[in-house]
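Colleague: I am new to this structure and would love a close look at one part of it. Could you start from a single residue and then lead me outward?

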Amino acid sequence: MDAIVNFLQTTGFAQVVNEPLDLVMIVVSCVLLYLAIVKKFEPLLLLPIAFGMLLTNLPGAGMYHADFFADGVINWAELGTGHGGLLDYLYLGVKLGIYPCLIFVGVGAGTDFAPLIANPKTLLLGAAAQLGIFVTYIGANLLGFTPAESGSIGIIGGADGPTAIYTTSQLAPHLLGPIAVAAYSYMALVPVIQPPIMKALTSKEERLIKMKQLRPVSKTEKILFPIIVTIFVSFMLPSAAPLVGCLMLGNLMRECGVVERLNKTVQNELMNIVTIFLGISVGATATAKNFLNPDTLKILAMGVVAFGMGSAGGVLLAKLMNVFSKEKVNPLIGSAGVSAVPMAARVSQVVGQKEDPSNFLLMHAMGPNVAGVIGSAVAAGVLLALFS
């Protein structure tokens, strides 16, 4: 009889009485699974994030222990004795900054920087779209978040999930769950968030601007680009070197043509494996204590501001460039400066073609779009240099 009583006391049904909020988190995780599977909101990462959230909140499962990573310090003593759960060990890849950097190798291998090389001034549009990061940083500060937490919230505006995860894991790991959910949810909503902002900030005449065809880019330029960017950015901002360096390593694999097997591996097998581990690990941090509080609502609200301001920054700079430039830029491509590749560029194309079906902006929008990937990594480096 004692054995039966002990068994019943170890079940999740018995333990949930002490932690009733776990049931709320299980419901939240199921909602996110619904959004990923049925609504297809960034399913490749939102699905493993949601399932990681489900696993970490199962009563009595003991898969993740937040106290092992309290105050940003890893409790190696506890982990070394085998007391850690599965998610504790997987989370080390996030905490140590391994998974986001490996994701960036795959991102670089799948990115064509030719539109940016052919039209270098679109790099400015990618930089301007990072406005949302720093405006949101100020707003988060005013809402009572610390500078490190504000930087982590602001990075949502870069529309780059791995960068947001990398920055938050270093600056404010206790906010990792809500920030990751906000970042990937709003990335999926780019086609909804951006068009009203683009139309509000541009006139019909501006949306009808046609841009001339981009010049061909040589293979030599494509090979030199990742090497030069890595050296320049790393000298200017060493804290951005891990992200930018991995991004450019992947791109060099793509463009050099001598490591095709590695190129295919990082784009497919490596990317898929790391995505699974990254998503589950990030979801594991979304415990009831970290997620069910007023700060989560503030983060979700500031995330919308970050995306909106980032989109507006790119559009407004494009309008300003037209004042001083003979070759006019269609301001719609400025909104693609957020690094949701290639979704933001497609939004520019769709909005432009609604005004003129013969106007093809996709390749022009890819310039600021891929520039935004670099820009968000650089912005993350700035925040890490200031607050880590």
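Which helix does Asn263 lie in?

Modeller: Happy to walk you through. This is a predicted model, in which local features need pLDDT of at least 70 and side-chain atom pairs pLDDT 80 or more, while totals for chains, interfaces and linings use all residues. Residues are numbered from 1 along each chain as its sequence is written, and side-chain values use heavy atoms, without hydrogens and water.

Asn263 lies in helix α18 (helices are DSSP runs of H or I, at least four residues). With a relative accessible area of 4%, Asn263 is buried (under 20%; exposed is over 50% and partly exposed in between, with a 1.4 Å probe and protein chains only). Its side chain makes a polar contact with the side chain of Gln267, at 3.1 Å (N or O atoms within 3.5 Å, one able to donate a hydrogen and the other to accept it). Leaving aside residues up to four places away in sequence, Asn263 touches Ala109, Met253 and Arg254 (heavy atoms within 4.5 Å).

From here we can step out to the open space. The largest pocket has a volume of about 890 Å³. Its lining counts 32 residues, and the closest to the pocket centre are Glu42, Leu44, Val107, Met271 and Val341. Helix α18 (260-267) is among the elements that give two or more residues to this lining, together with α4, α7, α12, α13, α19 and α23 (362-387). (A pocket is an open set of 1 Å grid points where a 1.4 Å probe fits, with protein on both sides within 12 Å along at least five of seven lines; lining residues have an atom within 4 Å of a point. Its volume is the space filled by probe spheres set on the points, which are joined across faces, edges and corners.)

Several of these helices turn up again around helix α6 (residues 86-95), where eight of the 10 residues are buried. These are Leu87, Asp88, Leu90, Tyr91, Leu92, Gly93, Val94 and Lys95. They pack against α4 (43-56), α5 (76-80), α7 (98-109), α12 (161-171), α13 (176-188) and α19 (269-284). After α6 comes Gly97, with a positive phi near 75 degrees.

Now for the rings. The structure holds seven aromatic pairs (rings of Phe, Tyr and Trp, its six-membered ring, with centres within 6.5 Å; planes under 30 degrees apart are stacked, over 60 edge-to-face and the rest tilted). In one pair, the ring centres of Tyr64 and Tyr91 are 5.7 Å apart and the planes stand at 80 degrees, so the pair is edge-to-face. Tyr64 sits in the loop between α4 and α5 and Tyr91 in helix α6, so the pair ties together parts that are 27 residues apart in sequence. Both partners are buried: Tyr64 has a relative accessible area of 12% and Tyr91 of 1%.

A further pair joins Phe113 and Phe225, whose centres lie 5.1 Å apart with planes at 40 degrees, so this pair is tilted. It links distant parts of the chain, 112 residues apart: Phe113 is in the loop between α7 and α8 (114-118), and Phe225 is in helix α16 (residues 219-236). Phe113 is buried at a relative accessible area of 2%, and Phe225 counts as buried at 16%.

Back at α6, Tyr91 forms one aromatic cluster with Tyr64 and Phe69. Tyr64 also has a place by the second largest pocket: among its 23 lining residues, Tyr64, His65, Ala66, Thr287 and Asn290 lie nearest the centre. Two elements, α4 and α20 (288-291), give two or more residues to that lining.
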